[in-house]
Amino acid sequence: QVHLVESGGGLVQAGGSLSVSCVASAGSLFVVNDMGWYRQAPGKERELVAIVTGDGRVNSADSVKDRFTISRDGGKTNVSMQMNRLNPEDTAVYYCRANVWTPATGSVDYWGQGTQVSVSL
């Protein structure tokens, strides 16, 4: 069983900063491939924010490229994202997603429960 535990998020005024983090764990051998963040605003579809691939490449949405920084630890089971110059359009539930390989399941996508990021004017 793979678990993703998210932390961070919260409420901030426009122009402020927040960070979110996610840790992957499992009860046995596992390898985390891609890992990163998606978000879903009310009434909108879930969208990619930023993700780090298994070989260290970063893919991010154009809307956040110069404001959000995603990073991953050497063990590749933790991912964090620093969000600067937040604006109300960034308000959403942010979900951690990880593609995880185990001997029993092969590669499977897992999602965290989501953490709220709210940006006020």
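Which residue does D90 meet in a salt bridge with an N to O distance of 2.7 Å? The partner is R67, whose side chain meets that of D90 in a salt bridge (a side-chain nitrogen of Lys or Arg within 4 Å of a carboxyl oxygen of Asp or Glu) at 2.7 Å, N to O. This is a predicted model, in which local features need pLDDT of at least 70 and side-chain atom pairs count only at pLDDT 80 or more, while totals for chains, interfaces and linings use all residues. Residues are numbered from 1 along each chain as its sequence is written, and side-chain values use heavy atoms, with hydrogens and water left out.

**Salt bridges around D90**

- D90 lies in the loop between β8 and β9 and R67 in the loop between β6 (58–60) and β7 (68–72), so this salt bridge ties together parts that are 23 residues apart in sequence; strands here are DSSP runs of E with at least two residues, numbered from the N terminus.
- Both D90 and R67 are buried, a term that stands for under 20% relative accessible area, with exposed meaning over 50% and partly exposed in between (1.4 Å probe, protein chains only).
- D90 also forms a salt bridge with R39, where the closest N and O atoms are 3.0 Å apart.
- That second pair links distant parts of the chain, since R39 sits in strand β4 (residues 31–40), 51 residues from D90.
- D90 counts as buried because its relative accessibility is 1%, and R39 counts as buried at 7%.

**The R97 and D109 pair, and the wider count**

- The side chains of R97 and D109 meet in a salt bridge at 3.2 Å, N to O, and this pair links strand β9 with strand β10 across twelve residues.
- R97 is buried with a relative accessible area of 11%, whereas D109 is partly exposed at 38%.
- Salt bridges that share partners join R39, E47, R67 and D90 into one network, and the count of salt bridges in the model comes to six.

**E6, a buried charge without a salt bridge**

- E6, found in strand β1 (residues 2–8), is buried yet has no salt bridge, the nearest side chain of opposite charge being R46 at 8.0 Å; Lys and Arg count as positive and Asp and Glu as negative, with His and the chain ends not counted.
- A polar atom of the E6 side chain lies 2.5 Å from the backbone nitrogen of G114, and the backbone nitrogen of Q113 lies 3.4 Å from a polar atom of that side chain.

Key: Helix = DSSP H or I, 4+ residues; strand = E, 2+ residues; numbered from the N terminus. Polar contact = N/O pair within 3.5 Å; in protein donor to acceptor, adjacent residues only side chain to side chain.
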